[in-house]
Amino acid sequence: MRPVEGGFLVKAALTASTARLPVKGKAPVILNDLGFEGDMTLDAAFQSLHIEKSKVTWGDLASFDLSGDLSKLKTAQDVEIRIASGRIDLAPMIERIMMLGLMPITGDGGGMPVARMVNGSIGLESEIEGSLRRPSSIAVSGRIALQEVTAGHPVLDKPITASGYIDFDMQGASSDKVAIRFGSSSAEIGFDVTLDERKKVGLMKVACGAALDLEDVIPAERRGELGMGGGSVKLDVSFEGSPGDLETLFPMIGDEKPASEIERAWEQSRLTAA
């Protein structure tokens, strides 16, 4: 730390071979190879800290550029931080997260395995604003870029690939277009998901345009039973409602909803298709 006009310049280079992060109701998560390097300016009254040219790293898995300001350090501890990542390869990142126990390997009750990341990357731009003294005031917003994110699943004979952007804030998430590929089939999905006061999904608006190859979506033996050959189907679908509305429109096997309830849901639904 050395004096500069109006305060002090702080150059930091920190590494942590091991860091323990508390997780409510679970054992602490152990993270390895964390690093921080950057320049910061602290004012003479020790009331504000400006961060610039800073970088946070997690081994060779991820790197984040960090900038922003911390003010009123002795009182409100206000923060305004901007974060931007480089290209983050998902396969090694997901593998490490699963090793840490932060992501399930199987579904609830040890059932069906979850999707497995095969390839692709993401990019992140985010802003964090609020008061560290009042955590409830902290707001997070930003954008995630999906770059050929490819996932496989044991029940699918072909991987699914997605590219596009997802914007998010404390009220929900949205996207104008996420492009999906599955074999010879393709789709473009736009959505707007709003969270309720409990931070659970409230209202969903989804629009999807798809060109489906029948060989991708209907098994060969089933097409034979139906006397179907190959070909494709174009489909435009839009939906507006709550997750509960969607569950009633398309009840899962074993979910014994009264026929009258399902009929009423379809009558009141805002689901359209062409």
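This section describes a run of paired strands and the surroundings of two buried residues in a predicted model.

Strands β4, β5 and β6 are linked in succession by antiparallel pairing. Strand β4, covering residues 49–58, pairs with strand β5, residues 62–71, through eight bridges. Within this pair, K55 is bridged to D65 of β5. The two strands form a hairpin with three residues between them, and G59 in the turn has a positive phi of about 55 degrees. Strand β5 is also joined to strand β6, residues 78–85, by eight bridges in the antiparallel sense. Here L70 has V79 of β6 as its bridge partner. The β5 and β6 strands likewise form a hairpin, with six residues between them; in this turn, K72 has a positive phi of about 50 degrees.

S121 lies in strand β8, which spans residues 116–131. The relative accessibility of S121 is 1%, and the residue is therefore classed as buried, the limit being under 20%. Its side chain makes polar contacts with the side chains of two residues, Q147 at 2.6 Å and R87 at 3.3 Å. Apart from neighbours within four places in sequence, the residues in contact with S121 are R87, I88, D89, L90, A145, L146, Q147 and V149.

T150 belongs to strand β9, residues 134–152. With a relative accessible area of 10%, T150 also falls under the 20% limit and so counts as buried. A polar contact of 3.0 Å connects the side chain of T150 to that of T161.

Technical notes: Residues are numbered from 1 along each chain as its sequence is written. This is a predicted model: local features need pLDDT of at least 70, side-chain atom pairs count only at pLDDT 80 or more; totals for chains, interfaces and linings use all residues. Side-chain values use heavy atoms; hydrogens and water are left out. Helices (H or I, at least four residues) and strands (E, at least two) are DSSP runs, numbered from the N terminus. Buried means under 20% relative accessible area, exposed over 50%, partly exposed in between (1.4 Å probe, protein chains only). A polar contact is a pair of N or O atoms within 3.5 Å; within protein, one must be able to donate a hydrogen and the other to accept it, and residues adjacent in sequence count only if both atoms are side-chain atoms. Contact means heavy atoms within 4.5 Å. Two strands pair if DSSP finds at least two bridges between them.
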